[in-house]
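Me: I am new to this structure and would like a close look at a single part of it. Please keep the account plain and connected.

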Amino acid sequence: MNIVVLVKHVPDATADRRFESDNTVDRVGVDGLLSELDEYAVEQALQIKEKAEGDVTVTALSIGPEQAVDAVRKALQMGADQGVLVTDDAIAGSDAVATSLVLSKAIEKIGQDNGSADLVVTGMASTDAGTSLVPAMLAERLGLPQVTFASVVETQGDQIRAKRDGDAATEVIGATLPVLLSVTDQTGEARYPSFKGIMAAKKKPMETYSLSDLGVDAGQVGLDAAWTAVEETTARPPRTAGEIVTDEDGSGATALAEFLASKKFI
Ligand SMILES: Cc1cc2nc3c(=O)[nH]c(=O)nc-3n(C[C@H](O)[C@H](O)[C@@H](O)COP(=O)(O)OP(=O)(O)OC[C@H]3O[C@@H](n4cnc5c(N)ncnc54)[C@H](O)[C@@H]3O)c2cc1C
């Protein structure tokens, strides 16, 4: 079985995040890491591999600037078998439509070299742009059934069952591989890379594709090809200190209730 897991490299939310003058996210001049929500996708891909009978190859795939290789490396350290990074200056500024196009072509190329993907696993959303559009667009482009926002995943042979928690009901969806699966942060803690995993990752196969390797025209990607444009970005004001209610004379509960009422919480 061949599993491709998508790993997006995103600006570190705990560090300074900036926008470029054209309102795109500055991804080159800031610290980045594997999108936290994609760690759950890597974990599920590895768990499915561990439970499966027969040979399973997990390929970690990312699109991004050269330093996005760090996200692929983290997936290799966690246990993925091989990595692919698609990087090309023309891709900068791509929207979800173009991102899904490039990802679909990369998955097809990985398939030519290793056998086509039986399972594509993604996060539920990236922690930066967070549109949740890429998984559905990718499934459409690859002609795969999609099971999105899974909170529990079970596989047996070529069958997959996933639980989806909606507001009004919980659904159990079944599908036959090949499938595109997106998973939520409810699927279970992602493992930390062990020292052994970190050392082993250095020897794992890692490939880099450009747009021409994928037969994608530069005019189909990048900011100029995006269907929408970010017109303005405004940084949120820094958080102010909260209000502290002290209760020295028994009036604390009233003060707290008045505060909550003033904010229309009660
Ligand atoms: C006008 C405009 C300008 C933009 N400029 C840029 C830019 O300069 N650079 C840039 O990178 N983005 C840019 N974006 C954002 C871009 O659309 C998203 O980053 C796109 O890569 C995917 O959308 P998303 O992150 O919202 O995906 P979501 O649908 O929220 O992501 C879901 C899952 O898809 C997978 N995934 C998504 N993107 C990738 C990826 N690149 N590699 C691997 N897996 C992935 C992950 O598993 C992720 O958890 C721009 C968007 C707009 C509208």
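In which sense, parallel or antiparallel, do strand 7 and strand 8 pair, and over how many bridges?

Reply: The model is a predicted one. In it, strand 7 covers residues 146-156 and strand 8 covers residues 159-165. The two strands pair in the antiparallel sense, over six bridges. Within this pairing, Thr-155 of strand 7 faces Ile-160 of strand 8. Two residues lie between the strands, which together form a hairpin. Gly-157 sits in the turn and has a positive phi of about 60°.

Strand 7 also has a parallel partner, strand 10 (residues 179-183), with three bridges between the two. Here Ala-150 stands opposite Val-183 of strand 10.

The strands also contribute to a nonpolar core. The largest such core has 35 residues, and Leu-119, Val-121 and Leu-181 are those with the most contacts inside it. Strand 7, strand 8 and strand 10 each supply at least two residues of this core, as do strand 1 (2-6), helix 1 (36-51), strand 4 (57-63), helix 2 (69-78) and strand 6 (119-123). Helix 1 gives the largest share, seven residues. In soluble globular proteins, nonpolar side chains tend to be buried together.

Val-121 shows what the surroundings look like for one residue of this core. Leaving aside residues up to four places away in sequence, Val-121 touches Ile-3, Val-4, Val-5, Leu-6, Ala-41, Ala-45, Leu-181 and Val-183. Another core, of 27 residues, lies apart from this one and includes Ala-96, Ala-98, Ala-139 and Tyr-209.

Note on methods: Residues numbered from 1 in each chain as written. Predicted model: local features only at pLDDT ≥ 70, side-chain atom pairs only at ≥ 80, totals over all residues. Heavy atoms only, no water. Pairing = 2+ DSSP bridges. Helix = DSSP H or I, 4+ residues; strand = E, 2+ residues; numbered from the N terminus. Core = buried A, V, L, I, M, F, W, Y, C linked by side-chain atoms within 4.5 Å. Buried < 20%, exposed > 50% of the residue type's maximum accessible area, 1.4 Å probe, protein only. Contact = heavy atoms within 4.5 Å.
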